[in-house]
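Work through the exercises below with the sequence and the coordinates at hand. Each task is followed by a solution in steps.

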Amino acid sequence: MTNTQNSSATPFDQAAGSAASPLHGITIGLDIGGTKTHGIRFEDGHPAADESAGSSNVQNVSREQAARNLADLFATIGGGHVDRVYAGSGGIDTDEDAAALAALIQPLAPEARVTVVHDSRLLLAAGRAATGVAVIAGTGSAAWGRNADGGEARAGGWGYLLGDEGSGYWLGREAVRHSLRRMNQGLPVDQLTAALLASCGLDHPNKLIALFHSPDTGRRFWAQQARHVVEAAASGHRDSAMLLEQAGQDLAALAGQVLGQLKIEGPVILGGGLGMNVAPLQESFRRNLAETGVTDVRVLDQEPVFGVLQLVAEPA
């Protein structure tokens with residue numbers, strides 16, 4: 001997920017047809033993350049096919065690979081006439097970003113109306129909220145919100161080189177940094193470092209440096225290493241628990257920034273792979289927001305792609 005600072009960017013609509021009512025006909029909903037593309041085929045608002053393919057976010061894979069992954073997904077869920085495609089993706093910060101992704105999708109559903117928005121909009125809608133703040137904690141991290149006046153604001157999501165605090169990538173990188181600090185201090189390999197080395201197929205922490213900078217690894221690889229932090233924390237590893245606490249604190253700060261910009265008190269909806277599944281991170285997130293007076297905090301209870309139905313049904 002990348003820079004979401006341009007809150008004035010509007011959804012990009014590429015129209016090639018229309019339907020009698022918002023949910024009538026065939027809708028393809030896409031949630032495009034840093035690791036995978038989740039797609040659902042809705043027929044008159046009811047899910048008829050649910051499949052996933054590799055990421056089609058061009059900030060994570062090449063444009064050619066994104067096109068191939070989309071083609072693979074549409075081969076399983078996009079057959080026949082499609083009335084509309086509604087896609088949420090990280091990195092949609094301008095109309096140009098949205099148009100570029102729509103151009104990859106349109107040939108796969110040539111008769112469809114294609115709409116592209118930032119993926120945090122899917123999350124808020126999937127949380128059954130028309131206003132509030134959505135926080136994504138997945139491969140990357142970002143926050144987006146909307147108030148009753150239609151105002152929008154975003155925070156974080158600057159990409160792994162500039163931010164993505166509290167994300168899977170951030171946790172994976174911090175696990176590497178933890179291991180290298182212990183090595184420099186002459187401390188023995190601990191539980192987190194041992195798990196990380198085993199996962200990477202290495203026999204010494206010093207070799208993590210070359211692997212981290214290798215073109216053979218990337219955001220997805222290191223985001224996947226976040227699981228070792230979660231597992232170590234669950235077994236009592238103090239430093240891993242502190243990393244999850246920090247992740248929750250950083251994500252709460254993103255939410256707080258957007259709440260302040262929009263002058264609202266909530267709700268705040270936490271989603272993404274980490275956000276929906278890691279209890280200590282959720283607890284830290286809730287606690288840090290509660291300390292600022294924010295109490296309406298919810299963890300997403302369905303996949304973000306289901307937010308497509310609410311977004312499609314919203315008045316134009």
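**Exercise 1.** Leaving aside neighbours within four places in sequence, find which residues Q225 is in contact with in this predicted model, and decide whether Q225 is buried or exposed.

Solution. Step 1: locate the residue. Q225 sits in the loop between α7 (219-224) and α8 (226-234). Step 2: with the neighbours within four places in sequence set aside, the contacts of Q225 are G172, L196, S199 and C200. Step 3: the relative accessible area of Q225 is 2%. The cut-off for buried is under 20%, so Q225 is buried.

**Exercise 2.** Check the span of helix α11 (residues 279-290) against its number of residues, then determine where around the axis its buried residues lie.

Solution. Step 1: α11 has 12 residues, and at 1.5 Å a residue it should span 16 Å. Step 2: the end C-alpha atoms of α11 are 16 Å apart, in agreement with the expected span. Step 3: list the buried residues of α11, which are L281, Q282, S284, F285, N288 and L289. Step 4: they cover an arc of only 165° around the axis, so they are on the same side of α11. The general rule is that an α-helix has 3.6 residues a turn, so residues three or four places apart point the same way. Step 5: identify the cover. The elements over the buried residues of α11 include β7 (132-137), α9 (238-262), β10 (268-271), α10 (272-277) and β11 (297-299).

**Exercise 3.** Describe the burial of strand β5 (residues 84-89) and how β5 pairs with other strands.

Solution. Step 1: 6 of the 6 residues of β5 are buried. Step 2: sort them by direction. R84, Y86 and G88 point one way, while V85, A87 and S89 point the other way. In a regular strand the side chains alternate between the two faces of the sheet. Step 3: β5 pairs in the parallel sense with strand β2 (residues 26-32) over 6 bridges, and A87 in β5 is the bridge partner of L30. Step 4: β5 also pairs in the parallel sense with strand β6 (residues 113-118), again over 6 bridges; here S89 has H118 of β6 as its bridge partner. Step 5: together with helix α2 (residues 95-105), β5 and β6 make a right-handed β-α-β unit.

**Exercise 4.** Which residues have the most contacts inside the largest nonpolar core?

Solution. Step 1: this core has 44 residues, and V135, W222, V268 and F285 have the most contacts inside it. Step 2: α9 gives the most to this core, with 10 residues. Step 3: a second, separate core has 23 residues, among them V82, I92, L101 and A112.

Technical notes:
Residues numbered from 1 in each chain as written. Predicted model: local features only at pLDDT ≥ 70, side-chain atom pairs only at ≥ 80, totals over all residues. Heavy atoms only, no water. Helix = DSSP H or I, 4+ residues; strand = E, 2+ residues; numbered from the N terminus. Expected span 1.5 Å × (residues − 1). Buried < 20%, exposed > 50% of the residue type's maximum accessible area, 1.4 Å probe, protein only. Arc of directions from axis to C-beta. Contact = heavy atoms within 4.5 Å. Pairing = 2+ DSSP bridges. Right-handed = clockwise from strand over helix to strand, strands pointing away. Core = buried A, V, L, I, M, F, W, Y, C linked by side-chain atoms within 4.5 Å.
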